[in-house]
Amino acid sequence: MSRYIIIFLFSVVQLLDISLKADDVHFFPPFDFPTLFSGNFAELRSNHFHGGVDFKTQGVTGKPIHAPADGYVSRVTVAPGGYGNAMYITHFNGYTTVYGHLEKFMPAIERLVRERQYRDETFSVDISFGPDEFPVKRGEVISLSGNTGYSFGPHLHFEVRSQEGNRLINPLIFYKEQVRDTKPPKAYAVALYPRSGKGSVAGSNKRAIRKINGNTISDTLRAWGEVGFGVKALDFMDNTSNNYGVYRIELTVDDSLLYSSTMDSVSFSENRLINAWVDYEAYYMRGEWIMRSHLIDNNPLKLLSVDENRGWLRVDEERLYHVEYTLADYHGNVSRYHFFVKGEHCDAQPVNSGAAQYFCWDTDNELRDLGMRLKIPKGELFEDAALHVVRTEQPDALSDRYNLNGITHPLWHGCELSIRLKKCPSDDAKKYYIKYIRGNGGYGVGGVLKDGWITADISSLGCYEAAIDTVPPIVRPVNEKQWGRNGLLSFYMSDSGTGIKSYKGYIDGNFKLFKFSSKNVRLTCNLRAEGISRGTHHLRLLVTDNAGNETIIEKTFKY
Ligand SMILES: [Zn+2]
């Protein structure tokens, strides 16, 4: 009985908290058609939590977006990737709303953005405004929805940020009444983690994953010492086939609450802590999201709450332990899963620090190998890690190749890697960079050359070597025969070394706007929008990479 009282109390506290927020602040829906989401808040994404909700836009772009409350346009940005065209509205209620992947801004801002693009001769812009420049009233059309930036289908990415502390807030708090949701979340698998050096699961120091059948798993796992749990789960809503992240997860063992997660808000600095919360190896190796229900050593993520043992269960009696997961969505639909763990004495295997370098999460660490230095500051690892470096000699290359054998040990922000050059074929320091190697490919991570060493900040451990970029960007016309007919100049543009730094297009000697889309690597110019008359014209396109290599395209075309 006590379990239900505890859960009931938790729910009441939760509801009170939410109703306070929702009572204070009113946001009206941004669209005048029924609200459906294709993504929800804090859904699990690569290296981050989804920062808002994705409103469906009936499969098309160009839907008018209405201001959800009074305020003013405080910022607009245009970028080839990310949010594409984005708008920020600062409200007088303590929140700022953000709109991503827009097709067009309101006309006055659209004109201003264009002016800025021409003045600075650049496609990307970031403009801030004061409260008196573009005030908006609730319901006023502020822009049109689109599919710009890193978006793979028309939708509106919508965020609510608290002005104090700049935290991302779950928008469903304000839009609960707009959507219908009678479908509870669903769990697909559970995982059991023996704590390193302190526990065992099924006689082993490796984690065990079990599929869920119905509301339970098909066997009873043996465990001893300290063990943690994890769950793979999704949520659903009515009238869509999309799936979502789970709003609330609770784990109880023998009726006592070990752990809960609640997706109400997340700060930007917490975003990469997602890698400390989920089973990073399962994600990295198989793309599988298993959410841990315990804290590994370094995980200050605020949306998790744990008991005094940080969510770890101490199995020290030879008996059955009753484990229950309760999953809930924001509308209060609940599903429950339970299974047993059998306590059976088994000594934990000691931590094997062996020949590898043992790194502690709570100290500064430095690793040196021949021609390589790695500095991992205190707090960057999420748990202690046994790392070892495999150096591959490359006699003819710029440097040896270093496999920092720890790709499954994610870092919070990153760390510093230096590699010594064995030769310097160019006097131009700008041309050198550190390259991250993955399979046969990879990409540059930048770097600064000093005293024969190149140093870069890397965001993950893995395989690296020094490289030089003397190859100008690739710029290749696409569908050139169609240009005159459809009035669209189109190029494939990429740079495999240090990446594209800038580009500028001139038609008959005058700057014209070329738009770059990172998702399809296309650079385009809409001749009609740029006011080009029918006839024969001359195009000059200059593209440079971050190493200072330049490609110039000169072309005469008929339109
Ligand atoms: Zn989104």
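# Exercises on a predicted zinc-binding model

The donors of the zinc ion are spaced H-x3-D-x102-H along the chain. The model is predicted, and local features need pLDDT of at least 70, side-chain atom pairs count only at pLDDT 80 or more, while totals for chains, interfaces and linings use all residues. Residues are numbered from 1 along each chain as its sequence is written, and side-chain values use heavy atoms, with hydrogens and water left out.

## Exercise 1. The zinc site

Identify the protein donors of the zinc ion and state whether His-50 and Asp-54 are buried or exposed.

Solution. Step 1: donors are N, O and S atoms within 2.8 Å of the metal (3.2 Å for Na, K and Ca); water is not among the atoms, so sites may look incomplete. Step 2: the protein donors are His-50 through NE2, Asp-54 through OD and His-157 through ND1, at 2.0 to 2.1 Å from the zinc ion. Step 3: both His-50 and Asp-54 are buried (under 20% relative accessible area; exposed is over 50%, partly exposed in between, with a 1.4 Å probe and protein chains only).

## Exercise 2. The open sheet

Give the strand order of the open sheet of 5 strands and determine which strands stand at its edges.

Solution. Step 1: strands (E, at least two residues) and helices (H or I, at least four) are DSSP runs numbered from the N terminus, and two strands pair if DSSP finds at least two bridges between them. Step 2: the order is 28-29-33-37-36, with antiparallel pairing. Step 3: strand 28 (365-369) and strand 36 (448-450) each have a single partner strand, so one side of each lacks a neighbour in the sheet. Step 4: strand 33 (residues 415-420) and strand 37 (residues 453-458) run antiparallel and are joined by 6 bridges; Arg-420 has Trp-453 of strand 37 as its bridge partner.

## Exercise 3. The pockets

State the volume of the largest pocket and of the second largest pocket, and name the element that gives the most to each lining.

Solution. Step 1: on a 1 Å grid over the protein atoms alone, a pocket is an open set of points with protein on both sides within 12 Å along at least five of seven lines, whereas a cavity is a set where a 1.4 Å probe fits but cannot get out; lining residues have an atom within 4 Å of a point. Grid points are joined across faces, edges and corners, and a volume is the space filled by probe spheres set on the points. Step 2: the largest pocket has about 1,400 Å³, and strand 15 gives the most to its lining, with 6 residues. Among its 36 lining residues, Ser-196, Asn-205, Glu-383, Asp-384 and His-409 lie nearest the centre. Step 3: the second largest pocket holds about 870 Å³, and helix 2 supplies the largest share of its lining, 5 residues. Its 32 lining residues include Asn-85, Glu-103, Phe-123, Thr-148 and Lys-515, which lie nearest its centre.

## Exercise 4. Positive phi

Locate Asp-254 and Asn-479 and describe their exposure.

Solution. Step 1: most residues other than glycine have a negative phi. Step 2: Asp-254 has a positive phi near 50°, sits in the loop between strand 19 (248-253) and strand 20 (256-262), and is partly exposed at a relative accessible area of 35%. Step 3: Asn-479 has a positive phi of about 50°, belongs to the loop between strand 39 (474-477) and helix 6 (483-486), and is exposed at 56% relative accessible area.
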